[in-house]
Amino acid sequence: MILQKGDRRREKYLKDGNVLKKMRNVGGWAKGVMAGGIVLLVSAALLVIPFLFGGLIKAALFFGGIFLVPGLLMFLLGNAAHKRKMNNYLSYYQKVTGFSEEEMRQVERELMEPDMMMFGNVPEENRQGASEKNPQIVCMITKNYFVAPLIMGKSYIRRVSDMVLAAYSIEIPGMGGSTDGLIFLSKQDTDAHKNATITRAVCGEIIGVLKERNPAIITTQRFEHNGRKYDVITDAAEIARVLGQG
């Protein structure tokens with residue numbers, strides 16, 4: 001589903017005004033370490049309280065310390081690492097895209113423009129509780145950029161002009177049992193990117209908008225070019241090289 005300007009689901013996602021930072025602030029090992037630390041701290045409290053009520057101060061200190069000290073260290077370590085990750089979010093994007101800081105700022109600005117197209121999705125195998133009221137945000141297409149949030153705070157950001165293929169496939173391998181969804185490739189890629197949670201209808205909407213903004217983009221998994229047959233799943237690097245030269 002396309003979430004147009006004014007749609008409350010779109011406005012909720014954009015409300016903090018910094019989409020790239022929001023995308024980076026998802027998952028990651030630092031949050032996992034913090035969560036583990038919190039579990040240990042809670043366990044320490046649950047152990048200490050009964051001992052204290054029983055007047056067993058030494059036992060409370062001993063058993064509480066076993067969980068309290070590592071729990072506190074894990075929380076502080078995870079918190080510090082997460083703050084560092086967020087403070088350096090823009091340099092992360094520069095590294096993974098090859099864009100300059102100025103261009104990344106341009107991406108940020110375009111994501112807030114009214115002509116940005118946001119795509120919501122409710123997977124057919126819905127393991128994460130997505131719904132029409134709270135759909136997954138699977139990608140955004142601005143005037144010049146294709147932006148897709150990935151898991152663990154990662155993302156896929158490419159210039160629309162650099163995209164060489166976007167197609168619906170029913171042969172996506174290795175995606176948790178799901179085999180159909182969107183497969184896409186830019187001239188910078190060495191492998192095709194895949195999202196097997198996106199429904200066929202939403203894939204069609206995404207491909208349609210990309211085709212409007214980049215008419216040269218290939219929209220099928222298999223195609224022929226200069227007498228040579230290609231399949232994006234097996235020939236992604238060559239496709240990126242050959243079509244990227246055009």
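Which residues gather in a patch of positive charge on the surface? In this predicted model, the patch consists of Arg8, Lys12, Lys15, Lys22 and Lys133. Arg8 belongs to helix α1, residues 8-14, and counts as exposed at 52% relative accessibility.

A nonpolar patch also lies on the surface: Leu68, Val69 and Leu73 make up about 280 Å². Leu73 sits in helix α4, which covers residues 57-87. With a relative accessible area of 56%, Leu73 is exposed.

**Salt bridges**

Side chains of opposite charge can pair when their charged atoms come close. The whole structure holds 11 salt bridges, and the table gives some of them.

| Pair | Closest N to O distance |
|---|---|
| Arg159 and Glu103 | 2.9 Å |
| Glu108 and Arg105 | 3.2 Å |
| Arg158 and Asp189 | 2.7 Å |

The side chains of Arg159 and Glu103 meet in a salt bridge. This pair links distant parts of the chain, with Arg159 in strand β5 (residues 155-159) and Glu103 in helix α6 (residues 101-111), 56 residues apart. Arg159 is partly exposed at 27% relative accessibility, whereas Glu103 is buried with a relative accessible area of 15%.

Glu108 and Arg105 form a salt bridge within one element: both are in helix α6, three residues apart, so about one helical turn separates them. Glu108 is buried, its relative accessible area being 15%. Arg105 is partly exposed, with a value of 34%.

A salt bridge also joins Arg158 and Asp189. Arg158 lies in strand β5, while Asp189 is in the loop between β7 (181-186) and β8 (193-195); the pair therefore ties together parts that are 31 residues apart in sequence. Both Arg158 and Asp189 are buried. Elsewhere, Glu103, Arg159, Asp162 and Lys187 are joined into one network by salt bridges that share partners.

**Cysteines**

How many disulfides does the structure contain? The count is zero. A disulfide is a covalent bond between the sulfur atoms of two cysteines. The cut-off applied to a sulfur pair is 2.5 Å. For Cys139 the closest cysteine sulfur is that of Cys203, at 9.1 Å, so the two are too far apart for a bond. Cys203 is likewise in no disulfide, its nearest cysteine sulfur being that of Cys139. Are these cysteines buried or exposed? Cys139 counts as buried at 1% relative accessibility, and Cys203 counts as buried at 0%.

Notes:
Residues are numbered from 1 along each chain as its sequence is written. This is a predicted model: local features need pLDDT of at least 70, side-chain atom pairs count only at pLDDT 80 or more; totals for chains, interfaces and linings use all residues. Side-chain values use heavy atoms; hydrogens and water are left out. Buried means under 20% relative accessible area, exposed over 50%, partly exposed in between (1.4 Å probe, protein chains only). Patches are made of residues with over 30% relative accessible area and no salt bridge: like charges are joined within 9 Å, nonpolar side chains (Val, Leu, Ile, Met, Phe, Trp, Tyr) within 5 Å. Accessible areas come from the Shrake-Rupley method with a 1.4 Å probe; for residues, only the protein chains shown count as cover. A salt bridge is a side-chain nitrogen of Lys or Arg within 4 Å of a carboxyl oxygen of Asp or Glu. Lys and Arg count as positive and Asp and Glu as negative; His and the chain ends are not counted. The place of a charge is taken as NZ of Lys, CZ of Arg, CG of Asp or CD of Glu. Helices (H or I, at least four residues) and strands (E, at least two) are DSSP runs, numbered from the N terminus.
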